[in-house]
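Trainee: I should like a close look at one part of this structure, namely its aromatic rings. Would you please describe them for a newcomer?

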Amino acid sequence: MVTDLTKGNPEKTLWKFTLPMIISVMFQQLYSTVDSIVAGQFAGVNALAAVGASYPVTMIFIAIANGSNIGCSVVISQLFGGKRITHMKTAVNTSIISSFVLSLILTTVGLSSSKTLLKAMGTPDNIMADSVTYLNIYAAGMAFLFIYNISTAVFTALGDSKTPLYFLIFSSLTNIVLDLIFAGPMEMGVAGVAWATFIAQGVSGILAFIALLRKIHNIKSEKPQIFSGKMLLRITKVAVPSILQQSFVSVGNVFIQGLINSFGAAVVAGFAAAMKLNTFTITTLVTLSNGISSYTAQNIGAHNTDRVKKGFGSGLKIALLVALPFFIAFFFFPKYMMMIFVSHDNTDVITAGVQFLKIVSPFYFLATVKIIVDGILRGSGAMLSFMVSTFTDLILRVIFAFILTPHIGQLGIWWSWPIGWIVASLASLTLYLSGVWKKAKV
């Protein structure tokens, strides 16, 4: 189904559009989280630490895929909102070709440099082999990650948030079953967890791509270009800042992971588990932000800025409601959340994770302001303002982690998250109120 986001009650439209996206990303994060749960419960703390040590590097790959996704989605949404269907199809073709080429480049980089990257982060020797194994298998499936992301980008740009959900539910359940089989009876350990993700991601990507080709074929228009350098440039103007935003966050996490690795395998494992939970929350909210971007882009394309203002209030309300259950679970029941990953006798692991969750989770509500404004800035094409907001968060997080850690240990790393969010949220709100998003050229 193709949905015109320029019509109807903004709040109802956003709920209807973003709810499948939120459920979709929850399933996506679920099978990522299950990797860590299965590794910790079936293969031990070192296996959990190995998956966690690989996580910052895999997040760089995911950041590039998601940034490309966002760039394609915003441009396609603007063209669809402006009823320029032939140009929209050209943008789709260009996005598919360029994303596939980029995925091949990243696969080569990942397979050739995994051990070097892990060594640079100071990954402990006792988990190095498993970390390299996990990272290499993950990198080999890069094309599937990009295929799924570009398909999702186009579906979302056209106002269809349900179709990707169906594929992802199937993929998530497949991943969970394979995790349990490979790491359980087959005793494949970390490699089994990685192969389960590879297979599930591949199935999801191929099915979504087939459905995408059918959907685009059914939209009537004049014959589009197979590839357009001009369209690629337009996509790049949105995609590159989005890639830089998410990549800088991931690169920042690589530096922070280096600090965490210095505290030993128990803290690495505790942080890995807690970060899975935190990432589950933030990724869910960022997905809502991506929905706001599509909503904004369609309405900017239709020259309807008043509707974007209404979308800000409605989006913020939805984000606060989404953040609430995560806060309750992580702040009031953090020990039980950590025991999903490891048994109760791993006290050092649980303590590290509990500390992180109790410090970070109260600030989810403040982070929603930044996340929703990011969606509006990105959807309007105000990429310079978007980058200012995002890099403020990242730079402060890394700086304060290094400043505070010598004085208060690992707590300094945990507190760097709220500090970054506080300043970045204030900067984002200031940019939104300035109306800079209204002046962006689309």
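Mentor: A charge sits over a ring if NZ of Lys or CZ of Arg is within 6 Å of the ring centre and within 35 degrees of the ring normal. K358 offers such a case, its charged end sitting over the ring of F331 at 4.1 Å from the centre. Likewise, the charged end of K83 sits over the ring of F80, 5.6 Å from its centre. K83 follows just after helix 2 and takes a positive phi of about 60°; helices here are DSSP runs (H or I, at least four residues), numbered from the N terminus.

This is a predicted model, in which local features need pLDDT of at least 70 and side-chain atom pairs 80 or more, while totals for chains, interfaces and linings use all residues. Residues are numbered from 1 along each chain as its sequence is written, and side-chain values use heavy atoms, without hydrogens or water.

Across the whole structure, a search finds 18 aromatic pairs (ring centres within 6.5 Å; planes under 30 degrees apart are stacked, over 60 edge-to-face, the rest tilted). F312 and Y432 are stacked, because their ring centres lie 4.2 Å apart and their planes meet at 20°. The pair links helix 10, which holds F312, with helix 15, which holds Y432, across 120 residues. F312 is buried (under 20% relative accessible area) at 13%, and Y432 is buried at 10%.

F356 and W414 form an edge-to-face pair, 5.4 Å centre to centre with 90° between the planes. F356 lies in helix 12 and W414 in helix 15, so this pair ties together parts 58 residues apart in sequence. Both residues, F356 and W414, are buried. Finally, F280, F326, F330, Y364 and W421 form one aromatic cluster.

Technical notes: Helix = DSSP H or I, 4+ residues; strand = E, 2+ residues; numbered from the N terminus. Phe/Tyr/Trp six-rings, centres within 6.5 Å; stacked < 30°, edge-to-face > 60°. Buried < 20%, exposed > 50% of the residue type's maximum accessible area, 1.4 Å probe, protein only.
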